[in-house]
Amino acid sequence: MIAKYLPPELIEHEEAEPKPVEQKPIETPVEPIVEAIEPKTITDICPWMDHESALSSCMDSEEFLNEMLEDFSADEKSAELQKFFESDDWHKYRITVHALKSTAQIIGATELSEQAKTLEFAAKDGDIDLIKQNHDALIENYARVCDDIRKWLEVSGDEEDTDR
């Protein structure tokens with residue numbers, strides 16, 4: 001209908017079969033897809049950490065803090081705690097959990113330190129039921145903290161960038 005108002009040179013007539021369109025493959029450079037990854041901070045990997053407290057305990061030295069973290073994760077006391085727990089040796093359990101409490105506090109693992117403190121006092125007071133109710137949770141949290149520390153040490157390498 002509109003064709004009657006247009007000049008003849010602007011009118012195209014459809015053919016019975018449309019002409020095939022030649023399709024060329026789209027050429028894209030082959031490069032590995034790498035997402036931009038922001039450098040991780042210590043509290044990204046160790047969200048449980050009170051970084052300010054840990055740093056203060058380590059003379060405000062990131063290098064010393066990393067050394068303490070390495071020592072903490074390497075000297076895991078889970079097996080000792082489990083052995084004393086299973087053998088009902090509450091005296092040795094108390095000594096070991098006391099050491100865990102103190103070192104956890106130094107590295108800023110406040111929740112783990114509080115758990116250990118609760119079990120230390122339970123052992124001192126002879127509250128074996130409290131120990132039995134909370135021992136597994138302590139061991140699980142301890143393992144998580146050590147795993148996170150190892151991840152941090154792997155990611156950070158020799159870097160001293162542990163800013164929050």
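pLDDT is the predictor's confidence in each residue, on a scale from 0 to 100. In this predicted model, the protein chain averages a pLDDT of 85, and 74% of the residues score at least 70. Colour the chain by this score and go to residues 158-164, where the pLDDT is below 50; beyond near neighbours in sequence, that stretch has 16 contacts in the model.

**Helix α7**

Select residues 128-156, which form helix α7. The helix has 29 residues and reaches 41 Å from its first C-alpha to its last, close to the 42 Å expected at 1.5 Å a residue. Centre the view on N134 to find a kink of about 45 degrees in α7. Then move to G157, just after the helix, which takes a positive phi of about 55 degrees.

Next, display the side chains of the buried residues of α7, among them I131, H135, L138, I139, Y142, V145, I149 and W152. The buried set also includes N141 and D148. To view what covers these residues, add α1 (42-45), α3 (62-74), α4, α5 (90-106) and α6 (110-125), which are included in that cover.

**S78 and its surroundings**

Select S78, in helix α4 (residues 78-86). With a relative accessibility of 12%, S78 counts as buried, because the cut-off for that class is under 20%. Leaving aside residues up to four places away in sequence, S78 touches I139 and Y142, both of which are among the buried residues of α7. The side chain of S78 also joins that of E76 through a polar contact of 3.0 Å.

**From E76 to R150**

Keep E76 selected and add R150: their side chains meet in a salt bridge, at 2.8 Å from N to O. This pair links distant parts of the chain, with R150 in helix α7 and E76 in the loop between α3 and α4, 74 residues apart. R150 is partly exposed at 35% relative accessibility, and E76 is likewise partly exposed, at 30%.

Now add D147, which forms a salt bridge with R150, the closest N and O atoms being 3.2 Å apart. D147 and R150 are three residues apart in helix α7, so about one helical turn separates them. D147 is partly exposed, with a relative accessible area of 40%.

**The network at D75, K77 and E80**

Finally, select D75, K77 and E80, which are linked in a network of salt bridges. Between K77 and E80, the closest N and O atoms are 4.0 Å apart. K77 counts as buried at 18% relative accessibility, whereas E80 is partly exposed at 34%. A search of the whole structure finds five salt bridges.

Terms used: Residues numbered from 1 in each chain as written. Predicted model: local features only at pLDDT ≥ 70, side-chain atom pairs only at ≥ 80, totals over all residues. Heavy atoms only, no water. Helix = DSSP H or I, 4+ residues; strand = E, 2+ residues; numbered from the N terminus. Buried < 20%, exposed > 50% of the residue type's maximum accessible area, 1.4 Å probe, protein only. Polar contact = N/O pair within 3.5 Å; in protein donor to acceptor, adjacent residues only side chain to side chain. Contact = heavy atoms within 4.5 Å. Expected span 1.5 Å × (residues − 1). Bend = angle between axes of the 7 residues up to and from the residue.
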